[in-house]
Amino acid sequence: QVQLVESGGGLVQAGVSLRLSCVASGGTPGSHAMAWFRAAPGEERAFVAAISGNGDITRYFEPVKGRFTISRDNAKNTVYLQMDYLRLEDTAVYYCAADRFNTWTNTVAAWGQGTLVTVSS
């Protein structure tokens, strides 16, 4: 069973960059597509970005295209979310998710516990 642990959140000013990491354990590296979701204060969890098992296919939520980049290092069993030009509306708890399959089908096999990103003006 896959287990996920996120890290890298924090309090930052608008316009700066932050990189989140998600380390997976208990699964076969590269066998699961991975994604990042986020839950803004008072809102439900929403899709941010996804990446296929071998990293060749990525998908993004439109408002983060060009600012966020999802990537993975299967040798380290780690998925990253590079967030540039952060905005106030990016404030949220960010969650890592593993799909049951090696392409993203939104069939979540595991969730991380979340890491808080707060963007201030």
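**Exercise 1.** Is Arg38 buried or exposed?

*Solution.* The model under study is a predicted one. Step one is to take the relative accessible area of Arg38, which is 11%. Step two is to apply the cut-off: a residue counts as buried under 20% relative accessible area. Arg38 is therefore buried.

**Exercise 2.** Determine which residue forms a salt bridge with Arg38, and locate both partners in the chain.

*Solution.* The cut-off for a salt bridge is a side-chain nitrogen of Lys or Arg within 4 Å of a carboxyl oxygen of Asp or Glu. The closest N and O atoms of Asp90 and Arg38 are 2.9 Å apart, and the two residues form a salt bridge. As to location, Arg38 belongs to strand S4, whereas Asp90 lies in the loop between strand S8 (78-83) and strand S9 (92-99). With their positions 52 residues apart, the pair links distant parts of the chain. The relative accessibility of Asp90 is 0%, so Asp90 counts as buried.

**Exercise 3.** Identify the network of salt bridges in which Asp90 takes part.

*Solution.* Begin with the other partner: the side chains of Asp90 and Arg67 meet in a salt bridge, at 2.7 Å from N to O. Arg67 is placed in the loop between strand S6 (58-60) and strand S7 (68-73), 23 residues apart from Asp90, and this pair also links distant parts of the chain. Both residues are buried. Salt bridges with shared partners thus join Arg38, Arg67 and Asp90 into one network.

**Exercise 4.** State how many salt bridges there are by this rule, and describe the pair Glu62 and Lys65.

*Solution.* The count comes to 3 salt bridges. One of them brings together the side chains of Glu62 and Lys65, with 3.2 Å from N to O. Next, consider accessibility. Glu62 has a relative accessible area of 54% and is exposed. Lys65, at 45%, is partly exposed.

**Exercise 5.** Describe the surroundings of His32.

*Solution.* First, find the position: His32 sits in the loop between strand S3 (18-25) and strand S4 (34-39). Second, assess its accessibility: the relative accessible area is 17%, so His32 is buried. Third, list its contacts. Leaving aside residues up to four places away in sequence, His32 touches Val2, Gly53, Arg72, Ala98, Asp99, Arg100, Phe101 and Asn102. Finally, examine Asp99: the side chain of His32 reaches the backbone oxygen of Asp99 at 2.6 Å.

Note on methods. Residues numbered from 1 in each chain as written. Predicted model: local features only at pLDDT ≥ 70, side-chain atom pairs only at ≥ 80, totals over all residues. Heavy atoms only, no water. Helix = DSSP H or I, 4+ residues; strand = E, 2+ residues; numbered from the N terminus. Buried < 20%, exposed > 50% of the residue type's maximum accessible area, 1.4 Å probe, protein only. Polar contact = N/O pair within 3.5 Å; in protein donor to acceptor, adjacent residues only side chain to side chain. Contact = heavy atoms within 4.5 Å.
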